[in-house]
Amino acid sequence: MSPTPPLFSLPEARMRFTKSTREALNNKNIKPLLCTFSQLPGSENEKKCTLDQAFRGVLEEEIINHSSCENVLAIISLAIGGVTEGICTASTPFVLLGDVLDCLPLDQCDTIFTFVEKNVATWKSSTFYSAGKNYLLRMCNDLLRRLSKSQNTVFCGRIQLFLARLFPLSEKSGLNLQSQFNLENVTVFNTNEQESTLGQKHTEDREEGMDVEEGEMGDDEAPTTWITSGTQCNAMRRFHGKLFSR
């Protein structure tokens with residue numbers, strides 16, 4: 001009787017994947033994860049889902065510990081390598097990017113989005129495009145809601161340009177497939193060229209003010225302030241004792 005193969009244990013597999021992820025980050029090499037993936041029992045789907053959870057767990061610890069953006073991007077790069085090697089699901093890098101952008105402030109989101117822009121060729125490849133296009137679109141829309149169009153104009157423009165580079169012109173999300181148009185918007189224009197006011201200067205009639213009589217103060221004249229010294233004030237008080245109270 002042949003021995004039964006060992007059963008898959010989720011806690012043990014997650015612990016080993018977490019340890020291998022830390023080792024891979026320190027060595028900057030994906031080989032520890034490949035070795036652990038091949039040694040663990042269970043089906044590929046079970047091991048892939050467990051590795052996805054391990055990636056998110058390690059990323060959560062890095063965010064809580066306020067690690068630098070380089071460490072966060074190293075985890076995402078490791079997940080991209082895992083997708084290429086076939087040891088984790090194709091949506092894992094996009095899920096990690098969404099978690100990072102939801103938790104970090106806008107100044108650090110700028111650095112993370114620079115990484116997203118540089119890897120646009122990776123996102124457009126056949127391995128990642130189908131699995132990640134909806135994640136990227138949702139991620140960019142969430143970022144645009146957080147940004148101010150008046151204060152973060154450059155960042156908003158970068159997001160729009162990234163989406164234009166990512167999606168083809170035939171993408172359904174950018175097409176009006178149901179032909180719904182705003183018919184309530186009416187533009188009024190002149191059919192006769194002579195009635196057009198284009199190019200004409202608008203002159204404002206300036207009201208003429210009343211003539212200023214002699215001795216009166218005009219609008220442009222400032223009131224005159226007479227400054228006297230303390231000795232002169234005391235002399236005036238003595239001279240006009242009835243008008244000034246001591």
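## The overall fold

Follow the chain from start to end and you get the pattern α-α-α-α-α-α-α-α-α-α. That comes to ten helices and zero strands. Keep in mind that this is a predicted model.

The chain has 246 residues, and 30% of them are buried. Take the contacts with a separation of 6 or more: 67% of those join residues 24 or more positions apart.

## Helix α5 and its neighbours

A good place to start looking is helix α5, which covers residues 92-103. Its twelve residues reach 17 Å from the first C-alpha to the last, close to the expected 16 Å. What does the buried part of this helix pack against? The partners are α3 (44-64), α4 (69-85), α6 (106-118), α7 (120-123) and α8 (129-146).

The buried residues here are T92, P93, F94, L96, L97, G98, V100 and L101. As background, an α-helix has 3.6 residues a turn, so residues three or four places apart point the same way. You can see such spacing in the list, which includes P93, L97 and L101.

## A closer look at L97

L97 is found in helix α5. Is it buried or exposed? With a relative accessibility of 0%, L97 counts as buried, because the cut-off for that class is under 20%.

Setting aside residues up to four places away in sequence, L97 touches I76, I112, V116, W123 and M139. You can also compare its position with that of F113: the two are 16 residues apart in sequence, and their C-alpha atoms are 9.1 Å apart in space.

## The largest pocket

Now for some open space. The largest pocket holds about 170 Å³. Its lining is made of F94, V95, G98, D99, L101, D102, Y135, R138, M139, D142, L143 and R146. Which elements give two or more residues to that lining? They are α5 and α8.

Sorted by class, the lining has six nonpolar residues, one polar residue and five charged residues. Some of these names have come up already: F94, G98 and L101 are among the buried residues of α5, and M139 is one of the residues that L97 touches.

## A buried glutamate

E62 sits in helix α3. Its relative accessible area is 10%, so E62 counts as buried. Who does E62 meet, leaving aside its neighbours within four places in sequence? The contacts are R22, S67, N71 and I75.

## Two loop residues with positive phi

Most residues other than glycine have a negative phi. K28 goes the other way: its phi is near 55°, and K28 is not a glycine. You'll find K28 in the loop between α1 (10-27) and α2 (31-39). With a relative accessible area of 77%, K28 is exposed.

H66 is another case, with a positive phi of about 55° although it is not a glycine. H66 lies in the loop between α3 and α4. At 72% relative accessibility, H66 counts as exposed, because the cut-off for that class is over 50%.

## Cysteines

How many disulfides does a search of the whole structure find? The count is zero. For the newcomer, a disulfide is a covalent bond between the sulfur atoms of two cysteines.

Two cysteines are worth finding in the model. C49 is partly exposed, with a relative accessible area of 42%, whereas C88 is buried, with a relative accessible area of 3%.

Conventions
Residues are numbered from 1 along each chain as its sequence is written. This is a predicted model: local features need pLDDT of at least 70, side-chain atom pairs count only at pLDDT 80 or more; totals for chains, interfaces and linings use all residues. Side-chain values use heavy atoms; hydrogens and water are left out. Helices (H or I, at least four residues) and strands (E, at least two) are DSSP runs, numbered from the N terminus. The expected span of a helix is 1.5 Å times one less than its number of residues. Buried means under 20% relative accessible area, exposed over 50%, partly exposed in between (1.4 Å probe, protein chains only). Contact means heavy atoms within 4.5 Å. On a 1 Å grid over the protein atoms alone, a cavity is a set of points where a 1.4 Å probe fits but cannot get out, and a pocket is an open set with protein on both sides within 12 Å along at least five of seven lines; lining residues have an atom within 4 Å of a point. Grid points are joined across faces, edges and corners, and a volume is the space filled by probe spheres set on the points. Ala, Val, Leu, Ile, Met, Phe, Trp, Tyr, Cys and Pro count as nonpolar, Asp, Glu, Lys and Arg as charged, and the others, Gly among them, as polar. A disulfide is a pair of cysteine sulfur atoms within 2.5 Å.
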